[in-house]
Amino acid sequence: MLSFPIYLDYNSTTPVDGEVLNEMLPLFNKNFGNPASKTHKYGWEAEEYVEIAREKIADLIHATPHEIIFTSGATEAINLGIKGVAEYAHEKGNHIITCKTEHKAVLDTCHSLEKNGFEITFLETDSNGHIDLNILLKSIRKETLLVCLMYANNETGVIHPIEEVSEITRSKNVLLFVDGTQGVGKIPVDVEKSRIDLMAFSSHKIYGPKGCGALYLRRKNPRVTLVPQMDGGGHERGFRSGTLNTAGIVGFGKAAEICSSRMEHDYKLIETLRNKLENALTSDKNIHVNGDTKNRLPNVSNLSFGKMDGAFLITSLKNIAIASGSACTSANPEPSHVLLAMGLTKQKTGSSVRFSLGRFTTEEEIDYTIEYVLEVVKKLNKI
Ligand SMILES: *Cc1c(COP(=O)(O)O)cnc(C)c1O
């Protein structure tokens, strides 16, 4: 039985996995202790729960548990990582490199630093969404502190060659900050192998609860440090004060564990369904894929619909839940900054919509979506 609208917006957020929810429930009223309470069993127990979750989350990205700092989500982790390093190292330099197709959380954090005297280089991409590594290399100066790049793009799914990027940042003694929010949990992300120095990611994009995320902060080769952005009780080894969201963290931990064990299985199934959807829709000559289709997440299909207005199309597609550009900017319906940065025309950008599939997407849903979208497009074309 299909239930409407069919959810195809997993890059905006995911439902909490049933197993995750079950693990979280006791943390609200039974094991409700504060992990910072060191004087009784309630506190000790809560701390144990948090540390078990920390291990599972570290495992998912091949880090060690003490390299994980819990935050309220990826946005906070991005602010903490980028502003924290900038503040810590501002005497060494004032230059940061990022890319025009980054998430607003990264771009706006960089703009905020710009107002405080930092210089930011916003790299261009080609029409596939890729940066030019030679230009990246040439952009690094002796004042450069950080290169901030996302693992995978939330709108197009395009995956940056992080290992090649880190080869460059390492050779130049510059730190590499990665927004891993869309890559972690979907594809293997290994901070050791990829020599990532800092990485932000989020629970609610990997079937955990909202309001919980993490910053990976490398402890050796090199040991990275930063200035905390919140003052208080010195939680999380002083890097992020505030009572821990224990239920959220336990859910995040379970979600990470499930992703670790199901990744290959989910990847194949989701990719097969995405390809089925994409191949069927692009059989219409007016419908095109945006972004590189080789180095891409398995669950995303960003499509432009010819002369159609994307916003109008989405309103007409009442039976499916999809996004225009990025959901995070759709509060103000501007054309996608990502697609524009890739050089798409305003018109093509305006006709683009994002389908993002997930663990609970079924073949039945995709079959329905294919027929439904093609039918609605046909109808709209007649008008
Ligand atoms: C969702 C998302 C964020 C923001 O994450 P929150 O946990 O919601 O703050 C940042 N970057 C990317 C690439 C995202 O997809």
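## Loops, sheets and cysteines in a predicted chain

Arg237 sits in the loop that links strand S8 to helix H8. This is a predicted model. Phi of Arg237 is near 55°, a positive value in a residue other than glycine. Most residues other than glycine have a negative phi, and most peptide bonds are trans. Is Arg237 buried, partly exposed or exposed? Arg237 is partly exposed, because its relative accessible area is 40%.

Asn173 also has a positive phi, near 60°. Its place is the loop between helix H7 and strand S6. Asn173 counts as exposed, with a relative accessible area of 66%.

Now for the peptide bonds. The bond from Phe4 to Pro5 is cis, with omega near -10°. Pro5 belongs to the segment before strand S1 (6-7). Asn221 and Pro222 are joined by a cis peptide bond too, with omega about -10°. Pro222 lies in the loop between S8 and H8.

The table sets out these backbone features.

| Site | Feature | Value | Place |
|---|---|---|---|
| Arg237 | positive phi | near 55° | loop between S8 and H8 |
| Asn173 | positive phi | near 60° | loop between H7 and S6 |
| Phe4 to Pro5 | cis peptide bond | omega near -10° | Pro5 in the segment before S1 |
| Asn221 to Pro222 | cis peptide bond | omega about -10° | Pro222 in the loop between S8 and H8 |

### The whole chain

The chain holds 12 helices and 12 strands. Its C-alpha atoms fill a box of roughly 70 × 55 × 35 Å, taken along the principal axes. How does the radius of gyration fit a compact globule? For 383 residues, such a globule would have a value near 21 Å, and the chain has 21 Å, so the two agree.

Buried residues make up 55% of the 383 residues. The chain exposes about 16900 Å², and carbon and sulfur atoms supply 53% of that area. Contacts also reach far along the sequence. Among those between residues at least 6 apart in sequence, 74% join residues at least 24 apart.

### The sheet of 7 strands

Strands of a sheet pair through backbone hydrogen bonds, either parallel or antiparallel. One open sheet here has 7 strands, in the order S2-S8-S7-S6-S5-S3-S4, and its pairing is mixed. Which strands stand at its edges? They are S2 (68-71) and S4 (119-123). Each has a single partner strand, so one side of each is left without a neighbour in the sheet. Neighbouring strands are turned by 20° against each other on average, direction ignored.

Take the S2 edge. S2 runs antiparallel to S8 (residues 213-217), and 4 bridges join them. One bridge pairs Thr71 with Gly213 in S8. Helix H7 (residues 162-171) packs on this sheet and touches S5 (144-150) and S6 (175-179). The direction of H7 makes about 155° with that of S6.

### The sheet of 3 strands

Another open sheet has 3 strands in the order S9-S10-S12, with antiparallel pairing. S9 (287-289) and S12 (352-356) are the edge strands. Each has a single partner, so one side of each lacks a neighbour in the sheet. Here neighbouring strands are turned by 30° against each other on average, direction ignored.

S10 (residues 300-305) and S12 pair over 5 bridges, in the antiparallel sense. Val300 has Ser356 of S12 as its bridge partner. Ser301 is matched with Phe355 of S12. Helix H8 (residues 246-281) packs on the sheet, touching S9, S10 and S12. The direction of H8 makes about 10° with that of S10.

How many residues of S12 are buried? The count is 5 of the 5, so S12 is largely enclosed by the rest of the structure. Ser352, Arg354 and Ser356 point one way from S12. Val353 and Phe355 point the other way, and all are buried.

### Cysteines

How many disulfides does the model have? The count is 0. Cys148 is in none, and its nearest cysteine sulfur, that of Cys110, is 4.9 Å away. A disulfide needs the two sulfur atoms within 2.5 Å. Cys148 is buried, because its relative accessibility is 0%. Cys259 is in no disulfide either: the nearest cysteine sulfur, that of Cys212, is 14 Å away. Cys259 is also buried, with a relative accessible area of 3%.

Methods. Residues numbered from 1 in each chain as written. Predicted model: local features only at pLDDT ≥ 70, side-chain atom pairs only at ≥ 80, totals over all residues. Heavy atoms only, no water. Pairing = 2+ DSSP bridges. Helix = DSSP H or I, 4+ residues; strand = E, 2+ residues; numbered from the N terminus. Axes fitted to C-alpha atoms, helices over the stretch in contact; angles between N-to-C directions. Contact = heavy atoms within 4.5 Å. Rg over C-alpha atoms; globule rule 2.2 N^0.38 Å. Buried < 20%, exposed > 50% of the residue type's maximum accessible area, 1.4 Å probe, protein only. Areas by Shrake-Rupley, 256 points an atom, 1.4 Å probe, with all protein chains shown as cover.
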